[in-house]
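Thanks for coming. I will go through one structure, a few local regions at a time, so please have the sequence and the model on your screens.

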Amino acid sequence: MRFKLVLSVQSEIAGNVLPVSYQYELSSCVHRILTENREAYEQWLGINGFLPEMNTRYKLLSVSNFYIPKIKVEEDRLYVLAKRVQLWISTLPERGSEEFIKSSFEGREILVGDRRSQVAFKIDEVVKSEPVEYTETMTYLSLSPIVVSCMRTNHSFEYIGPDAPDYEEVLLQTILEKYRYFYGKEFPYENNFKFELIAPPKRKGIFIKRFTHEESKVIGYMCKFRLTLHPILQQLIHNTGLGDKISLGFGCIEIYA
């Protein structure tokens, strides 16, 4: 289930400058709001057959980047030159989700940014998207960078892009592993998987926890692509993201008409 959040920029409170790499801070803010009323959060998961601990290794939702109609970028800072922005949140749970998401976010004031700059927003509106009919072949675009990593022979990890020879296989394994994690079994149906780029991907280097001793850099790709996959798995990735590090704000995708 997908929701669009419409936010007004409160530049008089904290200015209008975001870090270019704000994905982690935004995703953390969303998860913090969802879990602050622990009783309501656990009830929402429970009526959908999920346990709270299932929302750790893999997330039961995904969060897009902000859609900002007008920006200016200077070095590692992003100037928000619009009065309103948009954000999308998708959830795998469906029962009670509209009530839970709206009660959690509507009218809320949030602050997003790093130690150098933040922007205050007010969430003016939460709109549920129309239901989706999932088919075996669907076309998507990324709303936040898609991250895929694999292990080197020395057991360290590297980030790989869509041009890597094993990208398709690694991507499929992340999807199947996520299904196993949430449902406690192997995916029971035959799966014809194919990943096809329909536009050149754009490489993005994103800092996580900038200006802290835990700072790191993640490599992901913004792209448009066609995916052949069982409809059940199409629904899974549309609602919970595609690739690795979804909990850090990556891998949110949208159906591209």
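Which residues does Lys 194 touch, not counting residues up to four places away in sequence? They are Glu 168, Arg 226, Leu 227 and Thr 228, where contact means heavy atoms within 4.5 Å.

Before I go on, the ground rules. This is a predicted model, in which local features need pLDDT of at least 70 and side-chain atom pairs count only at pLDDT 80 or more, while totals for chains, interfaces and linings use all residues. Residues are numbered from 1 along each chain as its sequence is written, and side-chain values use heavy atoms, with hydrogens and water left out.

Back to Lys 194, which lies in strand β12. Helices (H or I, at least four residues) and strands (E, at least two) are DSSP runs, numbered from the N terminus. Lys 194 has 44% relative accessibility, so it counts as partly exposed. On that scale buried is under 20% relative accessible area, exposed is over 50%, and partly exposed is in between, with a 1.4 Å probe and protein chains only. Its C-alpha atom is 7.9 Å from that of Arg 226, although 32 residues separate the two along the chain.

Arg 226 takes us to strand β15. Strand β12, residues 194–197, runs antiparallel to β15 and is joined to it by four bridges; two strands pair if DSSP finds at least two bridges between them. In that pairing Glu 196 stands opposite Arg 226. Strand β15, residues 224–228, also pairs with β9, residues 137–142, in the antiparallel sense over five bridges. There, Thr 139 is the residue opposite Arg 226.

Next, a sheet elsewhere in the chain. Three strands in the order β2-β5-β4 form an open sheet with antiparallel pairing. β2 (17–19) and β4 (71–74) are at the edges with a single partner strand each, so one side of each has no neighbour in the sheet. From one strand to the next the twist averages 30°. β4 and strand β5, residues 77–80, run antiparallel and are joined by four bridges, with Ile 71 opposite Val 80. The hairpin of these strands has two residues between them, and Glu 75 there takes a positive phi near 55°.

Now the helices. The axes of α2, residues 23–35, and α4, residues 97–105, come within 9 Å and cross at roughly 110°. Axes are lines fitted to C-alpha atoms, for helices over the stretch in contact, and angles run from 0 to 180 degrees between N-to-C directions. That crossing makes α2 roughly perpendicular to α4; the bins are under 35 degrees for roughly parallel, over 145 for roughly antiparallel, 65 to 115 for roughly perpendicular, and oblique for the rest. Val 30, Ile 33 and Leu 34 of α2 meet Phe 100, Ile 101, Ser 104 and Phe 105 of α4. Ser 104 is buried, at 13% relative accessible area, and leaving aside neighbours within four places in sequence, Ser 104 is in contact with Ile 33 and Leu 34.

Last, the cysteines. How many disulfides does the structure hold? Zero, taking a disulfide as a pair of cysteine sulfur atoms within 2.5 Å. The sulfur of Cys 29 is 16 Å from the closest cysteine sulfur, in Cys 252, which is too far for a bond. For Cys 150 the closest is in Cys 223, at 17 Å, again too far. Cys 29 is buried, with a relative accessible area of 4%, and Cys 150 is buried as well, at 12%.
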